[in-house]
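Biologist: Please take me through this model feature by feature. I would like the general idea before each case.

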Amino acid sequence: MASATLESLIESYVDSQRPAAQQASSAKAISKEVLEGRLTIQSLVLTLGTYLTTTDNIVRARGTLLLSDILDDLSQKPLEDTAIKSITNFYSARLGDWHCLRGAVLGSLSLLRRKSNVGAVEIEEAREVAKSALANLHVQALAQRDRMICLELFECLLEKHADAVAPLEGDLVFGIVAAVEEEKDPRCLLLAFRIIQLLARLYPDPNGPIASCADELFDVVSRYFPISFNPQPNNPDGITREDLATALKEAFACTPIFAPFCIPLLLEKLSSSLRRAKLDALNYLGYCGLVYGAKVLSEYTVSVWEALKTELLPLSVPSSSTSLEPQDVEIVKEALTCLRSWVLVFQIEKDLSLESGDFLRLIQQDGIVEDLITCLKNDTESRGHPESAMKDRGKYQAEAAGRVLAESTQASPSSCFLICKQVLTQVMTAAGLVVDEEFLTNQDRDRSRSVIGLDIVLHIVVAARSLAEKVFLEHGQSAAITSKKWLNPLREQSENLIGAFHQAITDKWSKDSSVLGVAGLQALASFPASFSPLSSDQLRRILLILKDLLIDGTEEKLLTNVFTALERISSVEQRSGTMDGDVGILTVVVPDLLRVVREATKSTTVGKPLQVLAKICGPRSVARQLVITHLTESVHLDLSGVKGNEELDEICAKLVVVLQCLSEDILPWCDGQSADQSVTMELSMEIWTIVSTDAVKCSQEVLEWSLKAMRGAVSKCDATVQSKILHKGVKLLFDTSPHHEGEMDWSVALLASVIVSLRPSTIVPNKQSLLTLLMRAAQSQKPLLVTETAAQAVASMLNKWVVASANEADRFTLDKAVNMALGEGCLSLITSNSVPDNLEETGLGRDVSKVSGVRAAAWIGKGLAMRGHNGVSDVASILLRLLLSGASKEEESCSLAMAAAEGLGIILKDSDVCLNKAHHAVIRPLYKQRFFSSMLKPLLEAVRSSSDTHVKLWLYRGLGHLISGTPHVALLADGAKVFPVILGTLLFLYSDPSDSDLLLSTLLALSAFLVDVHQGRSVAGEHVSSIVKRMLTLIQYQYSVVVRETALQCLGAVVGLPYTRVYPLRTEVLKALSAALDDRKRVVRKEAVRCRQAWTLIASK
Amino acid sequence: MAPALINANPVVHEKKERTAKLQANYNDSSPDVIDELEIFDHVRDITDPEHPYSLEQLNVVTEDSIFVDDSKSYVKITFTPTVQHCSMATIIGLSLRLKLLRCLPPRFKVDIFLAPGSHSTEAAINKQLNDKERVAAAFENPNLVDLVEKCLVSTEE
């Protein structure tokens, strides 16, 4: 590059008159030259020389800034050490020149941030920069943006060049204090807090430079407590109060040297009347406690405990008010967290010796436990006044104490050990919860204290459980080897605990004692296995209790609780494994539930167990396989001993419930593992067996769910397993001679549902004969379920057909198959009027089979359209021809035209039973759009050329299905053409009540136009008066409430169209709306009010 | 300076939980009769002319103070101003009337009364609110209409 051009670029940057964009682009151009190696940094500096040293302040500032900008762009380019050295020296000298301060700071920053692999600044130079910055930068006096970059410079120095700045000691600390003092901008404050933190990390020594001026340093940050910051709703930096509060918390907690200043300050703020201050103080206190460590904190324990007591146990502090006002939940929560942190800090070192640390000892010696015990004991004495204030007070106090104890329990293993040891036995005895003679015999005494006691015990057990879970998560199985002595007190009491919780459920001491009981049992049973305080026998007992509750229980609320309890226990088991002896949900509860299911004779009794089985076992693969295997057994159908229809019905009903559970709740969880596959294969074999034997005697519902379960099972398997299942089916169907025609139908339907869910890679044997068989079934007059499934199977086969290479031309190819299915199979049959030879039915029968033929053709069309095969056009033309023939009054052609119209819907709408992703269909993107646009033209042509309103009606029905099946995006893209069609459809479908669903979906398409700002509205704007005309008739539509409601919504949306077109219609609309205000249904009236409101507004504008 | 408020410190009651949209009944064969709750839903959110609270919050209108007979096309609303000498009572009455005029089918006759004993010039105001001519005249007055419309804005969301 010629130096003249370089100079002109520099000139254009330095000239402050030029627009900012031009300046930036010239800087970029220079950086590009350097990056690509055409210009060295040395020669650049030489060229810049005069600009960097001139006495014109503005030019010098611009020149320095230009060099900084370029250096910033070069952060990834390796530079020579000498160059870096000399530029760094230049910048550290320039820091004193306040005119080019910004350039100097930015330049030093980009140099200091360089990574060592591209050449970083050496220690000496970094120190020089730091010294110069400390001496020359008067941060407080600068503008916000400059303050921010200065603080960034300090942050970078402290973070990346700690070795270089560490020897500066006192100078550094004072310099930084001066720099961050009195800062008010939130962006700078975040940096300032971070700098303090880094500084504290640099000098951890308690006799170091930080310690000597700790009070000044802390004074700088403590002024901001508590943070009160109300950002503008749309502030661009996105800094929230929480960000600042967290940063300040980190700054407070950065070094234990702050403790003597920090803790008293926070304690003082606790008595503040500001709620925010209180919450923050508690939060910081807990956090700082954890970080500072026990050694420095020991002198504050008493005052902290007193302060926390005021918050948590207001009644035990004499000075506080004695009212029973509910406490602020958030404050209590924060205080409890703080308590836990402080207990934890002092217990950390005691976990092996299991002694109490300073803080816990305070709690223990405070007499809370004694008060609690007295309170529980006294309760019986004040029985005479059940509602007395004393009692309420006692209860209140007891609950608060329970919370404190539970929170301390949760802090650490040793605190758990101590609290459980000290409290658990006493509370249980005092509350009368120990299982002994008296407990069992003395049933009629006042149980309210037992409930309070139980509540406290529950809290403690839950806390211990959470702690165990936490320890388990931190140490994993290895923690199992370390001492678990800390759970001993709980272990000793486990028998009593189980007894008490169980008693609470069975005896119903109060209205929610059973809930407490279930929660307690759940907590006991859901310890991670290696930490469980229970013996395997006890665990088994708990699980049995829960299971019995589930099976025999009647109370809805309790059942839900048991349900969630089992689910939780199961999920813990899944994470942490089972105990020795393999006692767990899977070995205790599941087999019993399965037995209940197997032995049940009524469908009502299996519902609940099945629900639980599905919930517990669905997500756990081992369990899932077990359950599927066992349910497969109970699917087994034995009708030999059945007498009478009632018994048969019962068996059918149960079978349906089991199949339903399998196909809806359990099979969707399967994920194609080999073990899953083998059980699902077993299941499908079993379904084959029942369907091919006696099942025909059962109701249609059994077939329906069998098909569903089969689809679910097969679609999860891989190709080899699928082909095994398929082979079995084919063999059964072709080799055995059926005794009964119905039996044959069922088998065909089942085979069809297997084919529907096959993967494309599965090899289908005997394709030709299978196709013939299925096509024949699809166009028969058998039940709809059979014909539909057969048609879907043909469609799926064609859809997933793997096109073989060309040399196999003589074999049965896709084209031949399509030809067979469409040409020879259904289309000729539908269009011909002659009765085929092999079917000798009455006219009506032929009718039915023709209709199913049309539907089959539509399904095939869908399969072909999805893979983008041309055969779909044959289907489309047939459907069109049938629509046109709908004019004649003959019943046959009407029903065929109806089927054809619905066929268009079948092709476009997503189906959830076949031809979707779950059933491995081949789906070409945008096939709906393609089909829609190919169909729209011929249909419109037909509409235009036909004069008969009957024909038009059928064509519009077809269009209606077409529109409602197509995604709205596609409709909008073709807006100008589609919109008049929508209006026409609305006009024609108005008269027949059977079209109301279609009418609704067309209306929804219309509303998509009305709300789409980009394309839809401009199209709709062309048709305002016809839209309004249509809507005014539709709001009186008598056959459907939803249509009226949606029409009103559309009418309301019309207001958003161009004002000049809408305004003239207002009188007409308002008049019509006053009739809608008197609609029969409330939802419509409400919508009418809203719509009228919108229209009155434009009228009064 | 703005004129002093008539009731500077009204008691604000809690808003009643909206009855969760009763399983919207789309069965056309069973007509929904216009009932008290429906009328109340129309008027509950009208803002008080003096305070930024709704009539429901100030207990000016309650569900019990409304009487509806759908078959006879008759609605009667009894409202209670917050203070005895409230000069805004007519404005409240007018806004109730205008709101119902817009929301109810034209077949309805709407009577609006002050609760007995709730106002010092009860009879006069009752007469004023139910006199067709005087109501029509009031709606011709642009200042009055502005005031009433402002009360209704909150109901139109």
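Modeller: We take the interface, then the sheet of one chain, then some backbone details. This is a predicted model, in which local features need pLDDT of at least 70 and side-chain atom pairs count only at pLDDT 80 or more, while totals for chains, interfaces and linings use all residues. Residues are numbered from 1 along each chain as its sequence is written, chains are lettered from A and ligands numbered from 1 in the order in which they are written, and side-chain values use heavy atoms, with hydrogens and water left out.

Biologist: How many residues are in contact between chain B and chain A?

Modeller: Contact means heavy atoms within 4.5 Å. By that rule, 22 residues of chain B touch 19 residues of chain A.

Biologist: What is the area buried between the two chains?

Modeller: The size of an interface is often given as the accessible area lost when the parts come together. Buried area here is the accessible area (1.4 Å probe) that two parts lose on being put together, summed over both. For chain B and chain A the figure is about 1800 Å², with carbon and sulfur atoms giving 48%. B:Tyr26, B:Asp28 and B:Arg102 supply 35% of the area that chain B buries against chain A, more than any other three residues.

Biologist: Which charged and polar pairs cross the interface?

Modeller: A salt bridge puts a side-chain nitrogen of Lys or Arg within 4 Å of a carboxyl oxygen of Asp or Glu. There are 6 salt bridges between chain B and chain A. One of the salt bridges joins B:Glu38 to A:Arg1082, with the closest N and O atoms 2.9 Å apart. A polar contact is a pair of N or O atoms within 3.5 Å; within protein, one must be able to donate a hydrogen and the other to accept it, and residues adjacent in sequence count only if both atoms are side-chain atoms. The interface has 10 residue pairs in polar contact, both residues at pLDDT 80 or more. Helix 1 (36–43) and helix 2 (89–103) of chain B each supply at least two residues of the side that touches chain A.

Biologist: How are the strands of chain B ordered?

Modeller: Helices (H or I, at least four residues) and strands (E, at least two) are DSSP runs, numbered from the N terminus. Two strands pair if DSSP finds at least two bridges between them. Chain B has an open sheet of 3 strands in the order 1-2-3, with mixed pairing. Strand 1 (66–69) and strand 3 (109–114) are at the edges, each with a single partner strand, so one side of each lacks a neighbour in the sheet.

Biologist: In which sense do strand 1 and strand 2 of chain B pair?

Modeller: Strand 1 and strand 2 (residues 74–79) of chain B are antiparallel, over 4 bridges. B:Val68 has B:Val75 as its bridge partner, and B:Asp69 stands opposite B:Tyr74. Their hairpin has 4 residues between the strands, and B:Ser73 takes a positive phi near 55°.

Biologist: Which peptide bond in chain A is cis?

Modeller: The bond from A:Phe225 to A:Pro226 is cis, with omega near -10°. A:Pro226 is in the loop between helix 13 (214–222) and helix 14 (241–252) of chain A.
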